[in-house]
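Thanks, everyone. I have one structure to walk through today. Please bring it up on your screens.

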Amino acid sequence: TSFSTEYSYDYLKIYDGNSTSSELVGSYSGSSNPPDFTSTSSDGAVTFKFTSDSSVNDNGWEARVYED
């Protein structure tokens, strides 16, 4: 995985479920990779919400999602 966003301006929020109403796992910005985690949602869903301004372009992020 990779993670490189403009710190304090671009955010990736990860939710444990199929919507942004699900439990928030965390909000991430900058260059530290979010931790690995396993969904506890009954359907195994994970939701990603990325918010960005347009002033600085970093490499962005990549996620690897596996199904058991």
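Let's start with the pocket. The largest pocket holds about 680 Å³ of space. Keep in mind that this is a predicted model. How do we find such a space at all? Rolling a probe the size of a water molecule over the atoms shows where empty space is left.

Now, which residues lie nearest the centre of this pocket? They are F37, V46, R64, V65 and Y66. In total, 23 residues line the largest pocket. Three elements give two or more residues each to that lining. These are β1, residues 2–4, then β2, and then β5, residues 60–62.

Step back to the whole chain. The protein has five strands and zero helices. From the N terminus, the elements read β-β-β-β-β. The C-alpha trace spans about 40 × 25 × 15 Å along its principal axes.

Next, the sheet. What is the strand order? It is β3-β2-β4, an open sheet of three strands with antiparallel pairing. The edge strands are β3, at 23–28, and β4, at 47–51. Each of those edge strands pairs on one side only. On average, neighbouring strands in this sheet are turned by 20° against each other, direction ignored.

Look at β2, residues 11–16. Five bridges join β2 to β3, and the two run antiparallel. β2 also pairs with β4, again antiparallel, over five bridges. Find K13. Its bridge partner in β3 is S27. On the β4 side, K13 has K49 as its bridge partner. One step along, I14 stands opposite G26 in β3. A general reminder here: in a regular strand the side chains alternate between the two faces of the sheet.

How do β2 and β3 connect? They form a hairpin, with six residues between them. Check G17 in the turn: it has a positive phi of about 160°.

Last, the overall numbers. How much of the protein counts as buried? Of its 68 residues, 29% do. The exposed area is about 4,900 Å². Carbon and sulfur atoms supply 43% of that area. Then the contacts. Take those in the protein with a separation of 6 or more: residues 24 or more positions apart account for 62% of them.

To recap: the sheet runs β3-β2-β4, and β2 appears in the pocket lining too, alongside β1 and β5. That's my tour. Over to you.

Technical notes. Residues numbered from 1 in each chain as written. Predicted model: local features only at pLDDT ≥ 70, side-chain atom pairs only at ≥ 80, totals over all residues. Heavy atoms only, no water. Pairing = 2+ DSSP bridges. Helix = DSSP H or I, 4+ residues; strand = E, 2+ residues; numbered from the N terminus. Axes fitted to C-alpha atoms, helices over the stretch in contact; angles between N-to-C directions. Buried < 20%, exposed > 50% of the residue type's maximum accessible area, 1.4 Å probe, protein only. Contact = heavy atoms within 4.5 Å. Areas by Shrake-Rupley, 256 points an atom, 1.4 Å probe, with all protein chains shown as cover. 1 Å grid on protein atoms, 1.4 Å probe; cavity = no way out; pocket = protein on both sides within 12 Å on 5 of 7 lines; lining within 4 Å. Points joined across faces, edges and corners; volume = space filled by probe spheres on them.
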